[in-house]
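Visitor: I have a model open on my screen and would like to know how its labels are earned. Could you walk me through it?

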Number of protein chains: 2
Amino acid sequence: MAAQRTRSDAVRNRAVILAAAERLFAETADGPGLSTDEIAAAAGVGKGTVFRAFGDRAGLLRAVYEARFATLRPALLGDEAGGAAPRERVRALLEGIARAKIDNRQLMLALEDAGGQRKTETLFETPQYRWAHGALKELLEQCPHGVDPALTAHVLLSAVRADLLEHLLADGATTEQEVLDGIRALVDRLLPEAPR
Amino acid sequence: MAAQRTRSDAVRNRAVILAAAERLFAETADGPGLSTDEIAAAAGVGKGTVFRAFGDRAGLLRAVYEARFATLRPALLGDEAGGAAPRERVRALLEGIARAKIDNRQLMLALEDAGGQRKTETLFETPQYRWAHGALKELLEQCPHGVDPALTAHVLLSAVRADLLEHLLADGATTEQEVLDGIRALVDRLLPEAPR
DNA sequence: AATCATACGGACCGACAGTCCGCTTATGCG
DNA sequence: CGCATAAGCGGACTGTCGGTCCGTATGATT
């Protein structure tokens, strides 16, 4: 096959941009406000290069997200804990998502409200949401509780939206532990006790 | 008092703009995409006039919201139904909010993501959110259920965020009735049965 | 009718996502 | 090698939108 069409400098630049973006999001206090120009400048490349490499802002954000969470996903699904009860796995998944979002707040804020803008897709159509919703729904189907699993999954996920987490944690009025406890309590109330 | 400082044409224009905005939001399919210029044009005034009358985009949206919901609020609180159980009142409030948002989706979408933008306030700091959260929290305090009422209120409200409702109803995959049933079920699960 | 604070309107500004195109450079071939 | 060429680069440019500014118009007041 004619393969290797992408030039080596393109590959290198992509990596440099990704690294710069990752760093900026980790440092900034205003993720959604981080402009493409800033990221390009920080990476030492032109703006056009960023768009060639990632298509658009959302694509760049997705790539950063992907780089950060790809390895985390199997763990979130609780794949290794083979026989855990679905209810436990729902709890673990939701808590894991919450933790991940808290630890990467600015990135997640940017990612979620990039979805919010028209023109592109809504939050609910982004790959990361579809993945979380699909996974959650599947688990919920395994512990029937009398409500449409798809709807329940949406509700659970809306409880861990990045902007809500940010609001709760922002001024220190609520601690991370309290948030996580609240999420746990939410799952416990929403799903019936495992009978066994 | 020196009173009546506002000139009559200013008052008239304010009303015209408000009416135009209300109509546009009722007609459009892309609330957040409605620009201030479009609203000004539809009202037959200059853009400056809109900003003088309402301060900024968020102010205009708030005013439209206010005009539409001011009379509705007491009913949502269940003030007339004197002795209803708190649990019923939570259900009624949340359902009422959901219905109102569904019936004014484009406006509410615009209002909620105007909150999302930095520079101004976040969704959670907007008057309408604070009102809903305060009211809900107060009701929740009257039916203790072992979880922080403030947190529970946030979770319940995030289940009726405009963009989620829009997503659920958009392609007709979910009916309005199903959504309302889901919300009802959510409340029922989250709050303990009234001991009666 | 004259004064003058208030308001009007739309040109203007700054920010930002995304595009375009002339120049540069990696690559693969002779 | 060195040359041809396509892939890639960068940053000027465009379009949109929220918000501001200021010369002009007008309602209030006497």
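Guide: Gladly! Keep in mind that this is a predicted model. Let's start with helix H9 of chain B, whose buried residues are covered by several helices, including H10 (162–170) and H11 (176–190) of chain A. From chain B, the cover includes H6 (86–103), H8 (127–142) and H11 (176–190).

Visitor: What makes H9(B) "mostly covered"?

Guide: A residue is called buried if 20 or more other C-beta atoms lie within 10 Å of its own. In H9(B), residues 149–158, seven of the 10 residues are buried, hence the label. They are Leu151(B), Thr152(B), Ala153(B), His154(B), Val155(B), Leu156(B) and Leu157(B).

Visitor: Which residues of H1(B) are buried?

Guide: Ile17(B), Leu18(B), Ala20(B), Ala21(B) and Phe25(B). Here a general point helps: an α-helix has 3.6 residues a turn, so residues three or four places apart point the same way.

Visitor: How do you know that the span of H1(B) is close to what is expected?

Guide: The expected span is 1.5 Å times one less than the number of residues. H1(B), residues 8–27, has 20 residues, for which 28 Å is expected, and its first and last C-alpha atoms are 29 Å apart. The two values are close.

Visitor: Now the DNA. What makes a residue count as near a strand?

Guide: Its C-beta atom, placed from the backbone, has to lie within 6 Å of the strand. Around DNA strand D there are 24 such residues, and Arg7(A), Val45(A), Gly46(A), Gly48(A) and Asp56(B) come nearest. H3(A) gives the most to that surface, with four residues.

Visitor: And which residues come nearest to DNA strand C?

Guide: Of the 25 around it, Ser8(A), Asp56(A), Val45(B), Gly46(B) and Gly48(B). Two or more residues each come from H1, H2 (36–43) and H3 of chain A and from H1 and H3 of chain B. H3(B) gives the most, with four.

Visitor: How do the residues near strand C divide by type?

Guide: Three are nonpolar, 11 polar and 11 charged. Near strand D, the division is three nonpolar, 10 polar and 11 charged.

Visitor: Why is the relation between the chains called a two-fold axis?

Guide: Chain B can be laid on chain A by a turn of 180 degrees and a shift of 0.0 Å along the axis, with an RMSD of 0.1 Å. That is the relation of a two-fold axis.

Visitor: How do you know that the copies meet through the same surface?

Guide: Because 100% of the interface residues of chain B are also interface residues in chain A.

Terms used
Residues are numbered from 1 along each chain as its sequence is written. Chains are lettered from A and ligands numbered from 1 in the order in which they are written. This is a predicted model: local features need pLDDT of at least 70, side-chain atom pairs count only at pLDDT 80 or more; totals for chains, interfaces and linings use all residues. A residue is buried if 20 or more other C-beta atoms lie within 10 Å of its own, exposed if 12 or fewer, and partly exposed in between; C-beta atoms are placed from the backbone. Ala, Val, Leu, Ile, Met, Phe, Trp, Tyr, Cys and Pro count as nonpolar, Asp, Glu, Lys and Arg as charged, and the others, Gly among them, as polar. Two residues are in contact if their C-beta atoms, placed from the backbone, lie within 7 Å. Copies are superposed by least squares on the C-alpha atoms of residues with pLDDT of at least 70 in both.
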